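Me: Please take a close look at the aromatic rings in this structure, and at what lies around them. I am new to it, so explain each term as you go.

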Amino acid sequence: MIRQFELVERVADYDSHLDEDLLNRAYVFSMKAHGSQLRASGDPYFSHPVEVAAILADYKLDCATIVTALLHDTVEDTVATIEEIREIFGEDIGRLVDGVTKLAKLELQPEANQQAENFRKLVLAMSDDIRVLLVKLADRLHNMRTLKHLKSKDKRLRIATETMEIYAPLAERLGMQRLKQELEDLAFAEQNPDARQSVLRRLEFLHEGGEDLQERVSAELEKTCEASGIPAEVGSRTKTPYSIWHKMQRNHVTFEQLSDTVAFRLIVDTVADCYAVLGVVHGRYKMVPGRFKDYISTPKSNNYQSLHTTVIGPENRRIEIQIKTSMMHRVAELGVAAHWQYKQDVSSGELGNDGGQYRWLQGLLDILENTQNPEEFLEHTKLEMYSDQVFCFTPRGGVIALPRGGTAVDFAYALHTDVGHTCVGCKVNGRVAPLRTPLQNGDQVEILRSTKAAPEPSWESFVVTGKARAAIRRFVRAEQREEYRKLGRAIADKAFRESGHEFSDLAMENVLNVFDAPTVDEVYVELGQGHLTSRQFLAKIFPGEGRWRAANAFGAINRMLPARLRRGNGEHRASDQNRAEHAIPIQGLTPGLAVHYGECCHPLPGDRIVGIASPGKGIDIHTIDCAQLADLPDDRDDWIDVRWDLDPNDPGVYVGRIDTVVSNQPGSLSSLSSVIAKNMGNISNLKVTDRSADFFDLQVDVEVADLKHLTNIIAALRATPDISSAERLRG
Ligand code: MN
């Protein structure tokens with residue numbers, strides 16, 4: 001384990017602005033926080049954050065990154081809190097540590113493998129500062145290096161898979177070739193140890209008796225460059241077992257056919273020299289056709305630049321040669337981190353403390369934005385790319401991507417249309433939350449369902465995905481049509497009876513031809529919607545006889561109702577018994593569909609009611625003494641006689657409106673609400689309509705089961721000392 005002073009020295013070596021005190025305090029804080037905790041290897045736990053910091057120091061990253069590395073597991077694994085870290089180390093470090101802590105909570109579940117791409121996007125979206133991701137990658141590298149100490153084979157495999165699927169590709173996107181290859185090879189060793197061993201054996205065989213082959217080829221290449229007058233530094237590197245294996249698999253070639261188990265590189269000063277050296281190499285050795293690639297004029301999407309060629313080289317061996325400048329080499333090995341170093345070199349001394357440490361990030365984004373190859377997806381490297389999306393988890397670890405602002409209802413429909421149709425609530429991160437809550441990155445969402453549930457029309461106003469919106473609309477339409485159909489059938493039934501005919505669906509089938517409709521149901525829907533009145537309906541079926549009788553039947557009701565209104569009370573005669581039998585039963589239908597309860601009079605079960613057909617919208621229900629009825633003409637034939645028909649076991653919820661005057665003094669509003677609550681009412685709305693020094697005039701909407709329930713509440717309010725009056729409010 002690297003010691004405190006060594007780490008500080010190493011960082012001070014490349015960072016002239018280093019805050020040594022900050023680094024020392026972080027070292028001590030982390031050591032104390034982890035205390036006597038041990039790793040699976042038996043090492044003190046504290047060795048882990050220190051090694052992670054050392055890895056990042058190799059990449060010459062800034063002090064904040066190194067400090068974050070030292071602290072990265074303190075919030076997750078010790079009693080230290082993020083508030084504490086913020087207080088001691090400042091807002092900036094606090095934010096970075098918080099970011100790494102959040103990433104630590106992500107775990108790719110085995111069944112979610114096919115969602116790796118979404119998962120990678122999630123990691124990127126959560127790393128709004130690229131240093132968070134760099135610490136995470138270094139953390140993963142050290143964990144992979146020490147993976148063998150974990151006892152559980154399942155756990156080792158899960159971590160290896162996650163590394164292969166998520167973190168190695170992320171390292172590649174950041175251009176960190178060296179880190180990516182080490183991660184992959186460590187994961188490969190866990191996933192397929194036999195394959196890796198066989199590749200290693202073949203590599204040994206290849207080098208057997210010719211250990212200096214690499215050197216001989218290097219020496220000859222060096223001589224060739226020298227002779228041409230272009231100074232080049234020659235290097236070589238054996239590929240990792242995994243990258244060899246991967247290439248064999250991908251290209252369906254045998255080990256012997258691979259020309260590039262060893263890659264030679266020629267590092268030169270300028271881009272012009274790259275092409276000049278390429279000419280020299282191609283002039284001296286035979287080039288293998290189809291293997292030349294110019295990544296300088298067209299860099300890879302992660303900004304990798306180099307010339308690649310394969311030639312029949314010294315000793316008649318096929319060798320791969322990469323030609324690049326030293327800056328290109330640095331970028332290829334270190335990726336984003338190299339860029340930071342470069343900016344650091346440029347900025348030292350000149351730019352002082354003007355936030356120079358962030359310039360590299362801007363620079364990176366500039367480069368990414370100006371990448372010359374539009375056919376490559378920029379999203380592979382651009383961090384901000386996913387800011388318009390949120391990524392959430394199912395309880396089993398699946399990842400669901402939603403547009404920003406997506407709600408639990410969107411989430412439910414994204415899982416399956418049936419899940420959406422039956423959802424009644426949700427838990428976000430284990431807590432019950434409203435279905436309309438916009439979800440955040442990384443939220444774990446559990447959808448609560450009920451088989452009796454149905455989508456609510458109001459959901460359409462807050463969902464953001466097209467899928468959810470279309471499914472809700474489709475469902476509501478179908479449901480609405482079914483209600484219109486039921487209502488229309490009831491109206492048809494009543495019209496038949498009142499004109500002295502026996503009603504049945506079969507009878508309707510027999511007269512379908514008089515209607516301009518394909519099915520009987522279609523006729524019912526027309527009736528239910530009010531596009532077809534009962535009178536028109538009867539006139540079509542019984543053209544000779546019906547007119548006066550139908551008019552008479554409805555006229556009787558119509559004449560009766562305004563008369564009642566003139567009398568100004570709701571009492572009715574016993575002869576209405578007959579009427580009630582013919583009345584259309586109104587069930588507790590889904591509000592807002594075929595039946596609407598008047599906002600003017602708020603009808604409650606127990607009230608005498610009447611329905612007014614409103615074409616295209618079904619029927620509006622009013623209390624029989626509603627003032628609005630007085631404005632309607634007497635002789636309309638769209639008055640519909642209706643009665644309540646409720647399931648006593650499931651009475652439903654209706655809104656009654658109360659007008660009350662409450663004395664303006666402490667506690668009076670709370671006694672109002674507690675009286676209503678004690679009587680099992682639920683206040684759904686409350687409005688102050690007038691306010692004086694002594695009294696409030698309040699309009700209170702209360703959810704109740706029926707008229708009796710509301711009457712009880714009003715009586716209880718009247719009995720309350722602070723309340724000077726309470727009346728049911730209508731119109
Ligand atoms: Mn860690």
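Reply: The aromatic rings come first, followed by the metal site and one sheet.

This is a predicted model, in which local features need pLDDT of at least 70 and side-chain atom pairs count only at pLDDT 80 or more, while totals for chains, interfaces and linings use all residues. Residues are numbered from 1 along each chain as its sequence is written, and side-chain values use heavy atoms, with hydrogens and water left out.

A pair of aromatic rings is described by the distance of the centres and the angle of the planes. Rings of Phe, Tyr and Trp (its six-membered ring) pair if their centres lie within 6.5 Å; planes under 30 degrees apart are called stacked, over 60 edge-to-face, and the rest tilted. Across the whole structure, a search finds 12 aromatic pairs. One of them joins Tyr295 and Tyr304 edge-to-face, with 6.0 Å centre to centre and 70° between the planes. Both Tyr295 and Tyr304 are buried (under 20% relative accessible area, with exposed over 50% and partly exposed in between, for a 1.4 Å probe and protein chains only).

Tyr597 and Trp644 form a stacked pair, 5.9 Å centre to centre with 15° between the planes. Tyr597 belongs to strand β13 (residues 595-597) and Trp644 to strand β16 (residues 639-644), so this pair ties together parts that are 47 residues apart in sequence. Strands (E, at least two residues) and helices (H or I, at least four) are DSSP runs, numbered from the N terminus. Trp644 counts as buried because its relative accessibility is 16%. Elsewhere, Phe496, Phe503, Phe515, Phe537 and Phe542 make up one aromatic cluster.

Some rings have a charge over them, meaning NZ of Lys or CZ of Arg within 6 Å of the ring centre and within 35 degrees of the ring normal. Arg39 places its charged end over the ring of Tyr45, 5.6 Å from the centre. The charged end of Arg178 does so over Tyr59, at 5.5 Å from the ring centre.

Next is the metal site. His48 (NE2), His72 (NE2), Asp73 (OD) and Asp139 (OD) coordinate the manganese ion at 2.1 to 2.3 Å. Donors are N, O and S atoms within 2.8 Å of the metal (3.2 Å for Na, K and Ca); water is not among the atoms, so sites may look incomplete. His72 and Asp73 are buried.

Last is the sheet. Its 3 strands are open and antiparallel, in the order β10-β9-β11, where strands pair if DSSP finds at least two bridges between them.
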